[in-house]
Amino acid sequence: MALTETALALARTQCGVLTRAQLLASGVSRETLRWRVGRDWRLLLPGIYVLQTGLPTEEQRLVAAQLFGGDGAWLAGSTAAALHGLRACQVRFPIRVLVPAPRRSRRVAWVDIRSTTLLGEPLVPRGSLRLGCLARAVVDAAVETPDDRSARALVIEAVQRRLVRLDDLEHWVDARGRQHSRRLRRVLAEVAAGAWSAPEADLLALLRTSDRLPEPMANPVLTGPDGRVLTSPDVWLDDVGMAVLVQSRAFHADGLAWDDTVEQASDLSAARVVVVGVTPSALARDPMAQLVRIELAHAEAARTGTRAPVTATERPTLPLGRAG
């Protein structure tokens, strides 16, 4: 009942995972297949076997999912985004697989197979795996997420780490058509406007719901009366010269940039800028309480009748076509 050399060669290239069709085509008899499944081999998915009895590894499951999709299948969405290194995604069930139309979409066990007419994207080989391009994976993963905040975090990470360009993301939003396009375009607009982290984008969205505050500026360039460039706040309310800072290392794209912000924020106070700090946890726990805090601070600054002698200039909107 030894495997043929052809079957062994396939097993080596596919992490020990083979389809029933591959086993039979490589000379393994049906009797051998029946005998060894459950004794020496494990059934992972219908018609997909791993040549061992122990629990499969993550990579073996990924190979099995791709093989289950059939010829031309590739890993996509949040699965591909995680394998490309996007920290906001993890390889978890269901494993996302795309197959070319007219094959049908279906969900079997821990694999979600979607049929697509959007073909021709550049696939990335990763050993025995095929990954969809990161730009499409980010867009599809953003659609998979249950809320705007998670979708925003995905896009911001990909752009801030310069893994994708905004115009590549917009291309795949356009290619998808109307489905989920409103949410996706809103997220892209927020990133292009200068939101550098998910909490910053949350803060901007929150402040824009207020009828007491002016239009907030994201990450403007501040210049003091002597022409010196000051620390750029996460959000700026220009009418009273007020800066709002998101105070968390974890949500800054660069740890050194966060250190600089902590060390240099004193220059804002020295320039008589009103500074209000918020934390991501407080923003997530009770956003309305944070909005009230900021509105009260803004009203108090307005009552003083003085404004810091600081000039704020909006940063140029990120052009579609560049990620930074």
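User: Starting in strand S14, which residue is the bridge partner of Val244?
Analyst: Keep in mind that this is a predicted model. S13 and S14 run parallel and are joined by 5 bridges. Within S14, the residue bridged to Val244 is Val276.

User: And on the S12 side, which residue stands opposite Ala243 in S13?
Analyst: S12 (residues 235–237) pairs with S13 in the antiparallel sense, over 3 bridges. In the hairpin of the two strands there are 4 residues between them, and Gly241 has a positive phi near 65 degrees. Opposite Ala243 stands Trp236.

User: Is S13 largely enclosed or left open, and how many of its residues are buried?
Analyst: Take the two faces in turn. Met242, Val244 and Val246 are buried on one side, and Ala243 and Leu245 are buried on the other. In general, side chains in a regular strand alternate between the two faces of the sheet. S13 is largely enclosed by the rest of the structure, because its buried count is 5 of 5.

User: What is the strand order of the open sheet that S13 belongs to?
Analyst: S10 and S12 pair in the antiparallel sense over 2 bridges, with Ala218 bridged to Val235 in S12. S12 is also antiparallel to S13, while S13 and S14 run parallel. The pairing in this sheet of 4 strands is therefore mixed, and the order is S10-S12-S13-S14.

User: Which strands stand at the edges of that sheet?
Analyst: The sheet has the order S10-S12-S13-S14. An edge strand here has a single partner strand, so one side of it is left without a neighbour in the sheet. The two that fit are S10 (217–218) and S14.

User: What angle does the direction of H10 make with that of S13?
Analyst: H10 packs on the sheet and touches S10, S12, S13 and S14. Its direction, set against that of S13, makes about 140 degrees.

User: Which helix lies across S12, S13 and S14, and at what angle does it run to S14?
Analyst: This one covers residues 287–304 and lies across the three strands you list. The helix is H14, and its angle to S14 is about 175 degrees.

User: H10 has a helix partner too. How do H7 and H10 cross, and what class does that make them?
Analyst: The axes of H7 (residues 148–160) and H10 (residues 198–207) come within 9 Å and cross at roughly 130 degrees. That makes H7, relative to H10, oblique.

User: What is the class make-up of the contact of H7 with H10?
Analyst: The crossing itself is right-handed. On the H7 side there are Arg149, Arg152, Ala153 and Ile156, meeting Ala198, Pro199, Ala201 and Asp202 of H10. By class, the residues come to 5 nonpolar, no polar and 3 charged.

User: What about H6 and H7: roughly parallel or roughly antiparallel?
Analyst: Their axes come within 8 Å, crossing at roughly 160 degrees. Angles over 145 count as roughly antiparallel. H6 and H7 are therefore roughly antiparallel.

User: How do the residues of the contact of H6 with H7 divide by class?
Analyst: H6 passes H7 in a right-handed crossing. Val138, Ala141 and Ala142 of H6 make the contact with Ala151, Leu154, Val155 and Ala158 of H7. The division is 7 nonpolar, no polar and no charged.

User: Over to the sheet S1-S3-S2. How far are neighbouring strands turned against each other on average?
Analyst: This is an open sheet of 3 strands with antiparallel pairing. S1 (17–19) and S2 (42–45) are at the edges, each with a single partner strand, so one side of each lacks a neighbour in the sheet. Ignoring direction, the average turn between neighbouring strands is 35 degrees.

User: Which residue in S3 is the bridge partner of Leu45?
Analyst: S2 and S3 (residues 48–50) pair over 3 bridges in the antiparallel sense. For Leu45, the partner in S3 is Ile48.

User: Which helix packs on that sheet?
Analyst: The helix touches S1, S2 and S3, and its direction makes about 15 degrees with that of S1. It spans residues 58–69 and is H4.

User: Last one: is Leu10 buried or partly exposed?
Analyst: Leu10 sits in helix H1 (residues 5–13). Leaving aside neighbours within four places in sequence, Leu10 is in contact with Leu18 and Gln22. Buried would need under 20% relative accessible area. At 23%, Leu10 is partly exposed.

Terms used: Residues are numbered from 1 along each chain as its sequence is written. This is a predicted model: local features need pLDDT of at least 70, side-chain atom pairs count only at pLDDT 80 or more; totals for chains, interfaces and linings use all residues. Side-chain values use heavy atoms; hydrogens and water are left out. Axes are lines fitted to C-alpha atoms, for helices over the stretch in contact, and angles run from 0 to 180 degrees between N-to-C directions. Angles under 35 degrees count as roughly parallel, over 145 as roughly antiparallel, 65 to 115 as roughly perpendicular and the rest as oblique. A crossing is left-handed if the near helix is turned anticlockwise from the far one by less than a right angle, and right-handed if clockwise. Contact means heavy atoms within 4.5 Å. Ala, Val, Leu, Ile, Met, Phe, Trp, Tyr, Cys and Pro count as nonpolar, Asp, Glu, Lys and Arg as charged, and the others, Gly among them, as polar. Buried means under 20% relative accessible area, exposed over 50%, partly exposed in between (1.4 Å probe, protein chains only). Two strands pair if DSSP finds at least two bridges between them.
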